[in-house]
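Student: Please take a close look at one part of this structure, the surroundings of the ligand. I would like one connected account, starting from the chain as a whole.

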Amino acid sequence: MIELKNIRKSFGDKEILKDVSANMEPGKTNLIIGASGSGKTVLMKCMVGLMKVDSGTVLYNGQDFTAMDDHEKKPIRQEIGMLFQGSALFDSMTVEQNIMFPLDMFSSMSYRERRKRMQECLDRVELKDANKKFPAEISGGMKKRVGIARAIVLNPKYLFVDEPNSGLDPQTSLIIDKLIKDITVEYNITTVVNTHDMNTVMESGDHIIYMHQGKKQWEGSNEDIIFSEDKLLNDFIFASEFFQDIKEMRKLEMFRDKNWRAKQAGGGNK
Ligand SMILES: Nc1ncnc2c1ncn2[C@@H]1O[C@H](COP(=O)(O)OP(=O)(O)OP(=O)(O)O)[C@@H](O)[C@H]1O
Ligand SMILES: [Mg+2]
């Protein structure tokens with residue numbers, strides 16, 4: 001579990017994160033949502049230690065990450081996989097070289113073992129016949145898959161993904177979301193995803209943190225969102241009439257489902 005306690009971060013006199021406390025639940029896809037500029041990327045960078053917090057603590061399994069020096073942080077850093085916006089692949093390396101890179105740098109495996117692990121991860125993200133291709137030769141969706149494969153190659157306990165769907169069409173976005181969610185469950189990873197893609201929120205968020213102007217405005221499950229009365233959250237998620245209608249429909253469906261389950265349970269007791 002990752003716990004954030006009273007995180008504050010400013011740039012100059014501009015306060016970006018204003019006393020943010022939240023929990024990232026283990027084995028789940030935790031989503032950080034919010035408008036552009038609300039502080040999602042800064043918060044993620046503070047969590048992984050790419051930015052230093054001004055005050056507050058980030059705890060990994062109860063250990064205070066923010067109080068550690070670089071040497072002490074190393075074991076936790078090695079359990080972190082990251083995929084940042086735009087995939088950040090090495091252009092001069094092939095797909096397989098990109099995925100091998102963290103293994104070459106950090107693992108003590110033999111060359112044969114490293115190649116085997118690389119191929120396992122490529123297979124897991126279902127990238128076929130792309131081993132020898134360069135990033136410039138593959139599509140945006142394929143680049144995301146390579147990025148995911150590279151992020152999981154060292155078997156991370158924690159996976160951080162910033163805007164996995166930027167630049168992707170809706171259908172490819174859904175496939176990438178599902179891949180991240182499936183991998184999270186399969187390998188029991190604590191995953192944190194920054195997004196403003198509403199499809200992602202409704203389909204794949206187990207636990208959702210809504211940021212508004214540097215503050216945590218709301219926290220809950222994607223089922224809670226349907227029933228939430230928080231005006232800012234509702235205006236953000238269900239901005240269009242179309243989405244408001246969907247919300248009402250989903251609400252009805254969930255009521256019906258609940259009643260049906262209650263009836264079934266009642267019937268079973270007789
Ligand atoms: N290194 C930096 N120096 C100064 N200001 C910064 C820095 N990084 C971010 N900011 C500011 O912090 C605020 C929050 O930025 P952040 O990138 O976290 O937003 P975001 O929620 O990720 O937005 P988006 O959805 O567009 O990615 C912005 O006003 C941004 O200008
Ligand atoms: Mg961002």
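**The chain and its ligand shell**

Tutor: Of the 270 residues in the chain, 36% are buried, meaning that 20 or more other C-beta atoms, placed from the backbone, lie within 10 Å of the residue's own (exposed is 12 or fewer, partly exposed in between). This is a predicted model, in which local features need pLDDT of at least 70 and side-chain atom pairs count only at pLDDT 80 or more, while totals for chains, interfaces and linings use all residues. Residues are numbered from 1 along each chain as its sequence is written, and chains are lettered from A and ligands numbered from 1 in the order in which they are written.

The chain has 10 helices and 10 strands, which are DSSP runs numbered from the N terminus (helices H or I, at least four residues; strands E, at least two). Its C-alpha atoms fill a box of roughly 60 × 45 × 40 Å along the principal axes.

Now the ligand. Around ligand 1 lie Phe11, Ile16, Gly34, Ser36, Gly37, Ser38, Gly39, Lys40, Thr41, Val42 and His196; a residue is near the ligand if its C-beta atom, placed from the backbone, lies within 6 Å of it. Helix α1, residues 40–48, contributes the most to this shell, with three residues. Sorted by class, the shell has three nonpolar, seven polar and one charged residues, where Ala, Val, Leu, Ile, Met, Phe, Trp, Tyr, Cys and Pro count as nonpolar, Asp, Glu, Lys and Arg as charged, and the others, Gly among them, as polar.
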